[in-house]
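Let us walk through this structure from one residue outwards. Keep the sequence and the 3D view side by side.

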Amino acid sequence: MTEGNGDKTLRKIADAFNDLANVFTDSQSAEAEVKVAPFSHACSLVSPLFGCLGVAFKFAEMDYVAKVHDLAEASKSIQNLQSLIELDVQANTVRKGGSHTRNLLRVKRGLDMVRVLFEQILVTEGNSLRDPASKAYEQVFAPHHGWAIRKAVSAGMYALPTKEQLLKKLNEDEASAKDHVQSYVTASAPLIQYIDKLFVSRDLGIDW
């Protein structure tokens with residue numbers, strides 16, 4: 001019997017981020033408007049991936065899920081990501097713990113980690129996830145973590161599932177997964193760049 005919830009998590013993720021990416025193909029990037037509700041919904045679909053990666057990314061799962069929930073709550077009163085940031089800028093709360101803008105930056109980092117992980121899975125031979133996961137962590141999360149967290153993550157890498165085990169948890173086979181993984185990589189890249197530009201264009205920085 002196949003482990004997993006049977007709902008084709010990877011396909012749902014790919015479809016949701018393809019829908020978000022259409023914003024950038026339907027309009028000029030400078031005029032693009034990413035709405036908070038579909039963005040937070042798409043991000044919520046990524047949450048199970050962190051859980052499937054085990055103890056190495058437990059910190060990321062807990063942090064990511066809480067911050068996506070905050071953005072989902074924010075979507076009830078804030079329409080788009082630009083407005084979400086502007087409200088914090090006006091209130092001078094951009095870097096305040098728990099601010100929507102701070103949470104958006106952390107969620108973006110989670111999406112970027114998954115993007116790099118998927119890129120590495122596509123180009124790495126064999127059944128081990130250790131190299132892809134290590135490279136994704138080192139590129140995206142490690143620069144923002146202290147020694148203790150980096151050491152704990154490094155130790156946790158030895159408990160990662162194999163690629164086959166991960167796909168089984170996600171109710172996928174390698175052929176179907178490859179298309180969905182590539183689709184997420186392609187669709188998420190312009191979204192991540194767009195969010196970075198929202199921060200950089202306001203002189204908020206992205207390395208905090």
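Start at F57. Beyond its neighbours within four places in sequence, F57 is in contact (heavy atoms within 4.5 Å) with F50, M113, A133, Y137, M157 and L160. This is a predicted model: local features need pLDDT of at least 70, side-chain atom pairs count only at pLDDT 80 or more, and totals for chains, interfaces and linings use all residues. Residues are numbered from 1 along each chain as its sequence is written, and side-chain values use heavy atoms, with hydrogens and water left out.

Now step back to the largest nonpolar core. A nonpolar core is a set of buried (under 20% relative accessible area, 1.4 Å probe, protein chains only) Ala, Val, Leu, Ile, Met, Phe, Trp, Tyr and Cys residues joined through side-chain atoms within 4.5 Å. This one has 67 residues. F57 is among those with the most contacts inside it, along with F17, F39, L111 and F118. Several helices (DSSP runs of H or I, at least four residues, numbered from the N terminus) each supply at least two core residues, including α1, α2 and α3. The largest share, eleven residues, comes from α9.

Next, look at α3, residues 58-74. Its buried residues include A60, Y64, V68 and L71. An α-helix has 3.6 residues a turn, so residues three or four places apart point the same way. The buried residues of α3 pack against α2, α4, α5 and α6.

Which residues line the largest cavity? They are L49, L53, M113, V114, L117, F118 and L166. Four of them come from α5, the largest share.

Conventions:
Buried means under 20% relative accessible area, exposed over 50%, partly exposed in between (1.4 Å probe, protein chains only). On a 1 Å grid over the protein atoms alone, a cavity is a set of points where a 1.4 Å probe fits but cannot get out, and a pocket is an open set with protein on both sides within 12 Å along at least five of seven lines; lining residues have an atom within 4 Å of a point.
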